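Please examine the structure shown here before reading the report.

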Amino acid sequence: MGAEVRLLALLLTVLGGYLDLIVSTTTASTRVERSVPHGTWNENPNPDLTRIQGVVRLQRLYCRTRFHLQINADGKVNGTRDHTSPYALLQVRAVDVGILAIKGVKSGLYLAMNKRGKVYGSQRCLTSQKKLRDNCKWHETIEANNFNTYSSALHPKKRHRKGVRWYLSIAKNGRPRRGRKTKKTQRSAHFLPRHKSGRSRRRRDRMSRAQKRGKKQKN
Ligand SMILES: *[C@@H]1O[C@H](CO)[C@@H](O)[C@H](O)[C@H]1NC(C)=O
């Protein structure tokens, strides 16, 4: 009985939130497949991004520290409480399975992490062959607590310990942490993608579920 109710609820949500599926499916691979219909979306205001293979979605990244990530025109990356901030609107494109390019719509800058783990907005993310550089690639992972983490594809390098990743994170003071100070278990490294039109019921549900679950973890 419980299982049937859950199934019915699931079906209703699926029907009600078809567009939302793109950012709220539960695994990276199905997410990539399901977002394929949006590949036909051709109102891309940033032509250089269209040259990279993949699908574009418009979204905001909401951090568990209650900030929206924003890429400012001066290249500074920080968090804002204002969910309408134009600098927080991001163009996200899958360049490979689970690998994303993240670009600020208003600033036109890519989200990047340098060798020393500093997060910033960069305008030099494409090589002359229009390939995305590693410091501008983000590895998106859906963690067990339902939040997403974004780790820099630049790390780990050979000289780093095996398996050590550096994560995108917005600390309580609204500033990104240095890569080496991040862990995937920190609240500041936990994000939820939000559809550009604002928060949806599905997203809110997912967030409160994730937060309930997160309370059991110690961060
Ligand atoms: C984020 O950076 C911008 C531009 O540098 C600045 O104007 C803004 O006050 C900063 N916001 C926070 C919360 O630090």
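The report covers confidence, fold, core and ligand shell.

This is a predicted model, in which local features need pLDDT of at least 70, side-chain atom pairs count only at pLDDT 80 or more, and totals for chains, interfaces and linings use all residues. Residues are numbered from 1 along each chain as its sequence is written.

The chain averages a pLDDT (the predictor's confidence in each residue, from 0 to 100) of 78, and 64% of the residues score at least 70. The table gives the two extremes among the elements, which are DSSP runs numbered from the N terminus (helices: H or I, at least four residues; strands: E, at least two).

| Element | Mean pLDDT |
|---|---|
| helix H3 (residues 28-34) | 39, the lowest |
| strand E2 | 98, the highest |

Over residues 17-51 the pLDDT is below 50. Where pLDDT is low, the predicted coordinates should not be read in detail.

The chain comprises five helices and 10 strands. Of its 219 residues, 34% are buried (20 or more other C-beta atoms, placed from the backbone, within 10 Å of the residue's own).

The largest nonpolar core (buried Ala, Val, Leu, Ile, Met, Phe, Trp, Tyr and Cys residues joined through C-beta atoms within 7 Å) has 37 residues; Cys63 and Trp138 are among those touching the most other members. Strand E6 (110-113) is one of the elements giving two or more residues to this core, and E6 gives the most, with four.

The ligand is surrounded by Asn72, Asp74, Lys76, Asn78, Thr80 and Gly174 (C-beta atom, placed from the backbone, within 6 Å).

Conventions. Buried ≥ 20, exposed ≤ 12 C-beta atoms within 10 Å, placed from the backbone. Contact = placed C-beta atoms within 7 Å.
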